[in-house]
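Welcome! Here are some short exercises, each with a worked solution, to help you find your way around a new structure. Take a look at the display first, then work through them in order.

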Amino acid sequence: MNDKLVSSIEVATHSRLATAGINAPLVDVANQLSVTHISLVVICADDGTVAGVITKTDIVKQLGKYVGNVSNMIASDVMSCEVTCCAP
């Protein structure tokens, strides 16, 4: 996986890139997705590298199968870890 820091591309993509920390509450990630026209949030590890992504579909799937209090979930509980990166 490419260990490029998310912060290095954030400047160029700021209006279209949503990010959250790996321990961010899932409700915060869901809120980011609901108030923007963005369909995924990049989840960043503590060192700033990409740890995974969460899409609107990931959240809906989780709500459909999770039994318990969703407000206790964090980003790493739901994120897809297989992220394909590309370079120009």
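## Getting started

Of the contacts (heavy atoms within 4.5 Å) in the protein chain between residues at least 6 apart in sequence, 48% join residues at least 24 apart. This is a predicted model, where local features need pLDDT of at least 70 and side-chain atom pairs count only at pLDDT 80 or more, while totals for chains, interfaces and linings use all residues. Residues are numbered from 1 along each chain as its sequence is written, and side-chain values use heavy atoms, with hydrogens and water left out.

## Exercise 1: the layout

Work out which pattern the protein chain follows along the sequence.

Step 1. Identify the elements: the protein chain has four helices and three strands. These are DSSP runs numbered from the N terminus, with helices (H or I) of at least four residues and strands (E) of at least two.

Step 2. Read them along the sequence, and the pattern is α-β-α-β-β-α-α.

## Exercise 2: the sheet

Find the order of the strands in the open sheet, and name its edge strands.

Step 1. The three strands lie in the order S1-S2-S3, with mixed pairing; two strands pair if DSSP finds at least two bridges between them.

Step 2. S1 and S3 are the edge strands, each pairing on one side only.

Step 3. From one strand to the next, the twist averages 30°. Angles run from 0 to 180 degrees between N-to-C directions, and axes are lines fitted to C-alpha atoms, for helices over the stretch in contact.

Step 4. Look at S1 and S2: they run parallel and are joined by four bridges. Ala 18 stands opposite Val 41 in S2.

Step 5. Now add H2, which packs on the sheet and touches S1, S2 and S3. The direction of H2 makes about 140° with that of S2.

## Exercise 3: two helices and their buried sides

Explain why the buried residues of H2 line one face of the helix.

Step 1. List the buried residues (under 20% relative accessible area, with exposed over 50% and partly exposed in between, using a 1.4 Å probe and protein chains only): in H2 they are Leu 26, Val 29 and Leu 33.

Step 2. Seen down the axis of H2, these residues fall within an arc of 60°, so they line one face. The arc is that of the directions from the helix axis to the C-beta atoms.

Step 3. Recall the general rule: an α-helix has 3.6 residues a turn, so residues three or four places apart point the same way.

Step 4. Try H3 (residues 56–65), where Asp 58, Ile 59 and Gln 62 are buried. Their arc of only 95° around the axis puts them on the same side of H3.

Step 5. The face of H3 turned away from that side carries the exposed residues Val 60, Lys 61 and Gly 64. The cover over the buried residues of H3 includes H2, S3 and H4.

## Exercise 4: Gln 62

Decide whether Gln 62 is buried or exposed.

Step 1. Gln 62 counts as buried because its relative accessibility is 14%.

Step 2. Leaving out residues up to four places away in sequence, Gln 62 touches Met 73, Asp 77 and Val 78.

## Exercise 5: the core

Find how many residues the largest nonpolar core has.

Step 1. A nonpolar core is a set of buried Ala, Val, Leu, Ile, Met, Phe, Trp, Tyr and Cys residues joined through side-chain atoms within 4.5 Å. The largest has 16 residues, and those with the most contacts inside it include Ala 20, Leu 26 and Ile 59.

Step 2. The largest share of this core, three residues, comes from H2.
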